[in-house]
Amino acid sequence: MDAKAQKRIEELKKQQQRIASEIAQLRNRRSITIRAIAAKMEKEGITLEELKAHVKTRNKYLNPETGESWSGRGRQPFWVVDALKAGKKLEDFLA
């Protein structure tokens, strides 16, 4: 292997180490946040079921003609399918 290729390999290894370190830091921060939320929920006596009951899925798409909406999850409603077939884009219906 020539010197140029060897140098490039070393550069990529250093970059890989920096990326791995950043990933570890982000995972650690996320873990700390989750533990803090869990501790607060426990302190307040809030169960996961109660939390889920209070969190609603926001509707992402809105049909301006009928007022129908869709969260963007699950099967596309007929009005979305029909509009896409007619050449419209999902972005046209962002709420």
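A residue counts as exposed when its relative accessible area is over 50%. Keep that cut-off in mind as we walk through this predicted model, starting at valine 55. Its relative accessible area is 55%, so valine 55 is exposed. You'll find valine 55 in the loop between α2 (48-54) and β1 (61-62). It has company there: together with Ile46, Leu48 and Leu51, Val55 makes a nonpolar surface patch of about 330 Å².

Now hop over to helix α3, which spans residues 78-85. Here Trp79, Val80 and Ala83 are buried. These residues sit on the same side of α3, because they cover an arc of only 100 degrees around the axis. A bit of helix geometry helps here: an α-helix has 3.6 residues a turn, so residues three or four places apart point the same way. The buried residues of α3 pack against β1 and β2 (69-70). And the face turned away from that buried side? It carries the exposed residues Phe78 and Lys85. Just after α3 comes glycine 87, with a positive phi of about 100 degrees.

Next, the aromatic rings. To describe a pair of them, you give the distance of the centres and the angle of the planes. This structure holds two such pairs. In one, tyrosine 61 and tryptophan 70 are stacked, at 5.4 Å centre to centre with 25 degrees between the planes. Both tyrosine 61 and tryptophan 70 are buried. The other pair brings us back to α3: tryptophan 79 meets phenylalanine 93 edge-to-face, at 5.5 Å centre to centre and 75 degrees between the planes. This pair links distant parts of the chain, since phenylalanine 93 lies in the segment after α3, 14 residues apart from tryptophan 79. Tryptophan 79 and phenylalanine 93 are both buried too.

Definitions and conventions. Residues numbered from 1 in each chain as written. Predicted model: local features only at pLDDT ≥ 70, side-chain atom pairs only at ≥ 80, totals over all residues. Heavy atoms only, no water. Phe/Tyr/Trp six-rings, centres within 6.5 Å; stacked < 30°, edge-to-face > 60°. Buried < 20%, exposed > 50% of the residue type's maximum accessible area, 1.4 Å probe, protein only. Helix = DSSP H or I, 4+ residues; strand = E, 2+ residues; numbered from the N terminus. Patch = residues over 30% accessible without salt bridge, like charges linked within 9 Å, V, L, I, M, F, W, Y side chains within 5 Å. Areas by Shrake-Rupley, 256 points an atom, 1.4 Å probe, with all protein chains shown as cover. Salt bridge = Lys/Arg side-chain N within 4 Å of Asp/Glu carboxyl O. Arc of directions from axis to C-beta. Contact = heavy atoms within 4.5 Å.
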